[in-house]
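The exercises below are meant to be worked through with the sequence and the model side by side. Try each task before reading its solution.

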Amino acid sequence: MPSVTDRVQRLAPSATLVVMKRAAELRAQGKDLVDFGIGEPDFPTPEHVKRAGWEAIASDFTKYTPAGGIPELKEAVSLYYEREYEASFDPQSEVIITCGSKHALYEIAMVLFEPGDEVLLPTPYWVTYPAQIQLAGARLVPLEAREEAGFALTASEVEGALTPRTKAIILNFPNNPSGATIAPSELRAIVELARARDFYVISDECYDRFVYEEPPLSASRFGKENVVVTGSCSKTYAMTGWRIGWACGPSEVIKAMEKVQSQSTSNPTSIAQKAAVAALTGDQACVHEMIQEYRKRRDLMVQGLNEIPGVRCPVPKGAFYAFPNVTGVLEQRGMNGCAELATHLVEEVGVVTVPGAAFGREGHLRFSYATARRRIEEGLERLRKALGGGSC
Ligand code: PLP
């Protein structure tokens, strides 16, 4: 049988899947697991957003739309950046609607990266970027964000990693998995550096609203030249399954993405686009309620983790993940790495986490706190019993 391409054979399967697959098997056997692995909101999609989806179906808004998205939604996205970040994007030429922001990032990789290009990727990183860089044939250059600084990146660290081949840096704040944000002054300096040294800042801002102490931030605040921002309804409005995201940036990049989209998925789902308009333009109280709840969960999670011997967890500033250093636990138990610990936790302790190696940082685990507070308490209790001293 003719084989699948080298390009795809070289892709590593997602490291997160190993633990997830095992968790699914154990669940099927009836085991009660506390799931800190999942990276999506546990809240339902808000009622008014669902209603907009139903109304779209009822009014037969169920056909192809323009490949780059309906004008109404592009307008809503453009207004969002103007309102929140005083950024101005022309809805027709500088905004594209995509099937989730993962899709936007994939298209960006396809239109901007090629063999010979270097893409700076701060670690820890979201698991998908390396695969997208690899698929585009570019070279990933990891840039270690300092744990002592709570994984917050600085412009001088970026500058130190630039070479004549640097085509782009991918930023993600609040960060998955660390929850780190970035200081506005550092972000501004990185955007200025990109202009001066001619590379792109690709800024994945899908958690932009989920910040707990600081105001939301976007690279779009500091200019559009050499900057492409991506955003999403997935997390902000608990709409992961609707698959609506977007990118805003220079018209040449957006036009090129639209070309790729028109030859691949065509448009994002028509009815989901209508629901997204309702999400972006409707009452935002639902978002504030979710943020308040996530903040309580964060405090509970971080305090509980820091009480466990061998675990050191900086306070995440945003998103809904904690990313503690667990090297103390690995040493105590003579374990080889965080994947072994994650496997032990799911098999013996009934707690699902994701090994930090999947995000480019060994010695860590990612805990998602997008789960009810009573389950967080239950999970922490299990961890305290298992890791709170003695051998496991
Ligand atoms: N970027 C980051 C950092 C994420 O964590 C995710 C999802 O987990 C995405 C992008 C993609 O989200 P979506 O495609 O649902 O917009």
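**Exercise 1.** Does Asn172 count as buried or exposed, and what is its relative accessibility?

*Solution.* Keep in mind throughout that this is a predicted model. Begin by locating the residue: Asn172 belongs to strand E5, which covers residues 166-172. Next, take the relative accessibility of Asn172, which is 10%, and set it against the cut-off, by which buried means under 20%. Asn172 therefore counts as buried.

**Exercise 2.** Find which backbone atoms the side chain of Asn172 reaches, and then describe the peptide bonds that lead into Pro174 and Pro177.

*Solution.* Start from the side chain of Asn172, which reaches the backbone oxygen of Pro174 at 3.5 Å and the backbone nitrogen of Asn176 at 3.0 Å. Then turn to the peptide bonds: Phe173 and Pro174 are joined by a cis bond with omega about -20°, and the bond from Asn176 to Pro177 is also cis, with omega near 25°. Pro174 lies in the loop between E5 and helix H8 (184-197), and Pro177 is likewise found in the loop between E5 and H8. Finally, once neighbours within four places in sequence are left aside, the contacts of Asn172 are with Tyr129 and Asp204.

**Exercise 3.** Work out how helix H4 and helix H10 are oriented to each other, and which residues meet where they pack.

*Solution.* Two packed helices are described by the angle between their axes and the distance between the axes. For H4 (residues 71-85) and H10 (residues 270-281), the axes come within 9 Å and cross at roughly 25°. Since angles under 35 degrees count as roughly parallel, H4 and H10 are therefore roughly parallel to each other. The crossing in which H4 passes H10 is left-handed. On the side of H4, the residues taking part are Glu72, Leu73, Ala76, Val77, Tyr80 and Arg83, and these meet Gln273, Lys274, Ala276, Val277, Leu280 and Thr281 in H10. Sorted by class, the contact of H4 with H10 has seven nonpolar, two polar and three charged residues.

**Exercise 4.** Carry out the analysis for helix H11 and helix H14, giving the angle, the distance between the axes and the classes of the residues in contact.

*Solution.* The axes of H11 (residues 285-306) and H14 (residues 373-387) are 10 Å apart, and the helices pack at an angle of about 5°. That makes H11 roughly parallel to H14. Glu293, Lys296, Arg297, Leu300, Met301, Gly304 and Leu305 in H11 meet a set in H14 made up of Arg373, Ile376, Glu377, Leu380, Leu383 and Arg384. By class, the residues of the contact of H11 with H14 are six nonpolar, one polar and six charged.

**Exercise 5.** Where is Phe367 placed, and which residues does Phe367 touch when those up to four places away in sequence are not counted?

*Solution.* Phe367 sits in strand E12, residues 365-368, and with a relative accessibility of 3% Phe367 counts as buried. Among the residues that Phe367 touches are Met301 and Leu305, both of which also appear on the H11 side of the contact with H14. Leu383 is another residue touched by Phe367, and Leu383 appears on the H14 side of that contact. The remaining residues touched by Phe367 are Phe36, Phe320, Tyr321, Ala322, Pro324 and Thr353. For Phe320, the separation from Phe367 is 47 residues in sequence, while the C-alpha atoms are 8.5 Å apart in space.

**Exercise 6.** What joins the side chains of Thr163 and Glu118, and how many residues apart along the chain are they?

*Solution.* Thr163 is found in the loop between helix H7 (155-161) and E5, and with a relative accessible area of 27% Thr163 is partly exposed. Thr163 and Glu118 are 45 residues apart along the chain, and their C-alpha atoms are separated by 8.2 Å. A polar contact of 2.8 Å joins the two side chains.

**Exercise 7.** Compare Asp60 and Ser266: what is the phi of each, and is each exposed or partly exposed?

*Solution.* Asp60, although not a glycine, has a positive phi of about 60°, and Ser266, not a glycine either, has a positive phi of about 60°. Asp60 is found in the loop between helix H3 (47-58) and H4, and at 59% relative accessibility Asp60 counts as exposed. Ser266 is found in the loop between helix H9 (251-262) and H10, and at 26% relative accessibility Ser266 counts as partly exposed.

Note on methods
Residues numbered from 1 in each chain as written. Predicted model: local features only at pLDDT ≥ 70, side-chain atom pairs only at ≥ 80, totals over all residues. Heavy atoms only, no water. Helix = DSSP H or I, 4+ residues; strand = E, 2+ residues; numbered from the N terminus. Buried < 20%, exposed > 50% of the residue type's maximum accessible area, 1.4 Å probe, protein only. Polar contact = N/O pair within 3.5 Å; in protein donor to acceptor, adjacent residues only side chain to side chain. Contact = heavy atoms within 4.5 Å. Axes fitted to C-alpha atoms, helices over the stretch in contact; angles between N-to-C directions. Parallel < 35°, antiparallel > 145°, perpendicular 65-115°, else oblique. Left-handed = near helix turned anticlockwise from the far one by under 90°. Nonpolar A, V, L, I, M, F, W, Y, C, P; charged D, E, K, R; others polar.
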